[in-house]
Amino acid sequence: MKKIMTNIKTLAALLMAGAALTACSSEDNFMNDQPANPTEPQVYTMTVQVTKGDAATTRGLSLDGKTLNVKWNEGEMVYVLQQDKDHTAEWNYVGKLTAAASSNATTTLSGTLTVETGESGTDLDTDAPALRFVLHGNALGSDNASDYSTGQNGLLTGTGSIEEKYDFASCDVANTSYTIDTEAKTVSVTGGITLVSEQAIVKFSLYQADGTTPINATSLAITSTGDMKKGRAYGSDATTITTQSVSLTGLEGTTNEVFVALCNYNATAYTLTATDAAGNTYTYGPKTATFTDGKYYEVKVKMKTHEYVDLGLSVKWATMNVGAESVTDRGLYFAWGETTGHAFGSGYQFSEGNYAWYNDGVTGKYTKYKYDGSSWDYQELASEDDAAAKIWGGVWRMPTKAEWEELLNEDNCRWEWTTDYKGDGSNVAGVIVTSKKDGYTDKSIFLPATGIYGGGNNNTGSEISAIYWSKSLDTDNRGTDHAPLYYYDFAWRLDIIYNEGSLVRRQVQNEYRHYGIGVRAVCK
């Protein structure tokens, strides 16, 4: 979190940098020029020329047709921070500078910085700490522009121009590039500063798969392969925040055009999930894309919808598997807690060594979703590790163990195996689950036979078994004296097996987490 002057220890470092830069004095002479005792925080005046990047390519936050123009509005604020004197990741707020209006990329900033003197100069590095200048709009998720630790929300809404409300750019100035005059009480930066954008502006136009029917979204989730940069956190915890998802909620649902600020970090592929006022969800991707910070993009998105069936139970069940193109498609196979799926017959090796959370030799064998001998860190998958939530986004997630058991309950649903679901000789096998609830007896879902990748690259039971993950860990078993780690390995999954005309197994049972298993999504 931001620190506001209560714990700032910077003036002595600034004084040393100023002496070294302006007088080339020795450390002894520098010390002789300083007061013998600590003084109260001092106020310094700063006036500096600032440029918003390269007007042609890297900056553009005043929307004008399909271009983004560079300008400064009267009163825009640039916030100044100083690195901790020990050169840690900690940055301290020391003041803000106000911009003069300008029709181009360059203007003058002026204001005051308030810093503490420190107890003495004897224990400070001769290498003074750096300064950081931040042009901070509330696309970072806060109406309080001086709150630096809130993550990137991204959504651009409300009145006022984009560059006035949502611009986010920064510049770090090394100790060798700024000077403090302790007599005149001024701070200056040689050559001025250039702010570099830390976000791209993207207009997404959302349409259904036909490309003409608009989707007026009430929420939009953007997930990525690799990290997007949510912004910077200023404090002892971190200097940058990265994420693989940005969730935009509170859209009015009256237009299909959504302006978003995206901080592209090392993200390569994006998935979009939109929800409309009726609760329908639509997805697009994953598609490879690069959004360069400081540039403007217009993207027309043709999204497909994920349909569900209401069986009269506690959740609604998707009509097809995650990664599937149709109701009868097996979809993708996932190790439990991984969000990268693998197609049937891909040759991928589902092994413990390839499992994302495996770390042999640590307590509980895993780096996450582990038992430390007295408690579990998680009992269910977090959303970022839930394949349905990550890939489909929006309201979707994997079912819990209890929700599979609700579906299995004979009072709720009838289960019937078929060897030819389409009835056309294509021999698509699987199980039809039909509701028994009053008012829902005409509702059913089809779970195609998936088989299982049991610790290798060969699928077993692909025509006679329907096996699907839940999001629930098996936390009931904790091993035995002779095998204390054995039962740390399991999560719960649906297990349906057909043999010789009947369902010989219809249950939820535990399974090794690194096995490759299908995923069916649910929503509330």
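How much accessible surface does the chain have, and what percentage of it belongs to carbon and sulfur atoms? In this predicted model, the accessible surface comes to about 22600 Å², and 44% of that belongs to carbon and sulfur atoms. Of the 524 residues in the chain, 50% count as buried.

Let me turn to the overall fold. The secondary structure consists of five helices and 32 strands. Among the contacts in the chain with a separation of 6 or more, 65% are accounted for by residues 24 or more positions apart.

I come now to the nonpolar interior. The largest nonpolar core has 37 residues, and those with the most contacts inside it are Val 322, Trp 336, Trp 392 and Val 519. Several elements each supply at least two residues of this core: strand S20 (316-321), strand S21 (332-334), helix H4 (387-392), strand S26 (452-453), S28, S29 and strand S32 (520-523). Which of these elements gives the largest share? That is H4, with four residues. A second, separate core has 25 residues, including Val 309, Val 315, Trp 492 and Tyr 498.

Trp 336 deserves a word of its own. Leaving aside residues up to four places away in sequence, Trp 336 touches Tyr 355, Trp 357, Tyr 369, Leu 381, Ala 491, Arg 513 and Tyr 515, together with Trp 469, Ser 470, Lys 471, Ser 472 and Leu 473.

That brings me to S28. This strand spans residues 465-473 and is mostly covered, with nine of its nine residues buried. In a regular strand, side chains alternate between the two faces of the sheet. In S28, Ser 465, Ile 467, Trp 469, Lys 471 and Leu 473 point one way, while Ala 466, Tyr 468, Ser 470 and Ser 472 point the other way. Residues on both sides are buried, Lys 471 among them. Which strand pairs with S28, and in what sense? The partner is strand S29, residues 490-499, and the two pair in the antiparallel sense over six bridges. Within this pairing, Tyr 468 of S28 stands opposite Leu 494 in S29.

Finally, the cysteines. How many disulfides does the count give? The count comes to zero. Why do Cys 171 and Cys 523 count as buried? The cut-off is a relative accessible area under 20%. Cys 171 is buried because its relative accessible area is 13%, and Cys 523 is buried because its value is 3%.

Definitions and conventions. Residues numbered from 1 in each chain as written. Predicted model: local features only at pLDDT ≥ 70, side-chain atom pairs only at ≥ 80, totals over all residues. Heavy atoms only, no water. Buried < 20%, exposed > 50% of the residue type's maximum accessible area, 1.4 Å probe, protein only. Pairing = 2+ DSSP bridges. Disulfide = S-S within 2.5 Å. Core = buried A, V, L, I, M, F, W, Y, C linked by side-chain atoms within 4.5 Å. Contact = heavy atoms within 4.5 Å. Areas by Shrake-Rupley, 256 points an atom, 1.4 Å probe, with all protein chains shown as cover.
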